[in-house]
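Please take a moment to look over the sequence and the model together before reading on. The paragraphs that follow lead through the structure step by step, beginning with a single side chain and widening from there.

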Amino acid sequence: ADQPTRELKSRDALARMGPPVFAAAMTTLSTGLVMFGCTFVFFFQFGTILVLTMLYSILTSLFFFLPLTNAAGPTGRCCSLAPLSTKWRGAGGGGGFRGGC
């Protein structure tokens, strides 16, 4: 049985979740940039907070969190949510979470 390595898990997470997260960050960042043109101080400051938050979060996720998961993330099937999803669906297909692990 092939057990996924930390590197494969990180690469898979980046490939699957990277584009939607990056797109969401870019739309929020563009909203903040538009607010730089506002004359009300509140909106200008709110735009500054949006831009700084998006930049910080993208840089932290790419250059801190991904290397951290490569160095010390789970290996094999540890921390997989797949067993929970099968319990959530239940044997009948529509039940709900039945509890237990």
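Is Arg16 buried or exposed? Arg16 has a relative accessible area of 61%, and because a residue counts as exposed when this value is over 50%, Arg16 is exposed. The model in front of you is a predicted one, and in it Arg16 forms a salt bridge with Asp12, in which the closest N and O atoms are 3.0 Å apart. Both Arg16 and Asp12 belong to helix 1, where they sit 4 residues apart, which is about one turn of the helix. Asp12, with a relative accessible area of 36%, is partly exposed. When the whole structure is searched for such bridges, 1 salt bridge is found.

From this pair we can step back to the chain as a whole. The protein chain has 3 helices and 0 strands, and its elements, read from the N terminus on, follow the order α-α-α. Of its 101 residues, 16% count as buried. The chain exposes about 7,700 Å², and carbon and sulfur atoms supply 72% of that area. If we consider the contacts with a separation of 6 or more, 51% of them are made by residues that are 24 or more positions apart.

Next comes the interior. The largest nonpolar core consists of 5 residues, namely Ala25, Leu29, Val51, Met54 and Ile58. Helix 1, covering residues 6-35, and helix 2, covering residues 41-72, each supply at least two residues of this core, and the largest share, 3 residues, comes from helix 2. Val51, one of the core residues, touches Leu29, Gly32, Leu33 and Phe36 when residues up to four places away in sequence are not counted. Another core residue, Met54, can be used to relate two places along the chain: the C-alpha atoms of Thr27 and Met54 are separated by 9.7 Å, while the two residues are 27 residues apart along the chain. Thr27 has its place in helix 1, and with a relative accessibility of 47% it counts as partly exposed.

Nonpolar side chains are also found on the surface. Leu14, Leu52, Leu55, Leu59, Leu62 and Phe63 make a nonpolar surface patch of about 590 Å², and the largest share of this patch, 5 residues, comes from helix 2. Leu55 can serve as an example from the patch, since it lies in helix 2 and, at 41% relative accessibility, counts as partly exposed.

Now consider the aromatic rings. A pair of aromatic rings is described by the distance of the centres and the angle of the planes. A search of the whole structure finds 4 aromatic pairs. In one of them, the rings of Phe36 and Phe44 have their centres 5.3 Å apart and their planes at 45°, so this pair is tilted. Phe36, with a relative accessible area of 33%, is partly exposed, and Phe44, with a relative accessible area of 38%, is partly exposed as well. Phe42 and Phe46 form an aromatic pair that is stacked, with 6.1 Å from centre to centre and 15° between the planes. Why are Phe42 and Phe46 separated by about one helical turn? The reason is that they are 4 residues apart in helix 2. Phe42 is exposed, with a relative accessible area of 55%, whereas Phe46, at 36% relative accessibility, counts as partly exposed. Phe42 and Phe46 also belong to one aromatic cluster, which they form together with Phe40 and Phe43.

Finally, we can turn to the connection between the helices just described. Which residues does Cys38 touch, if those up to four places away in sequence are not counted? Cys38 touches Phe43 and Phe44, and the place of Cys38 is in the loop between helix 1 and helix 2. With a relative accessible area of 31%, Cys38 is partly exposed. Its two contact partners have already appeared above, for Phe43 is part of the aromatic cluster and Phe44 is a member of the tilted pair with Phe36.

How values were computed
Residues numbered from 1 in each chain as written. Predicted model: local features only at pLDDT ≥ 70, side-chain atom pairs only at ≥ 80, totals over all residues. Heavy atoms only, no water. Core = buried A, V, L, I, M, F, W, Y, C linked by side-chain atoms within 4.5 Å. Buried < 20%, exposed > 50% of the residue type's maximum accessible area, 1.4 Å probe, protein only. Contact = heavy atoms within 4.5 Å. Patch = residues over 30% accessible without salt bridge, like charges linked within 9 Å, V, L, I, M, F, W, Y side chains within 5 Å. Areas by Shrake-Rupley, 256 points an atom, 1.4 Å probe, with all protein chains shown as cover. Salt bridge = Lys/Arg side-chain N within 4 Å of Asp/Glu carboxyl O. Phe/Tyr/Trp six-rings, centres within 6.5 Å; stacked < 30°, edge-to-face > 60°.
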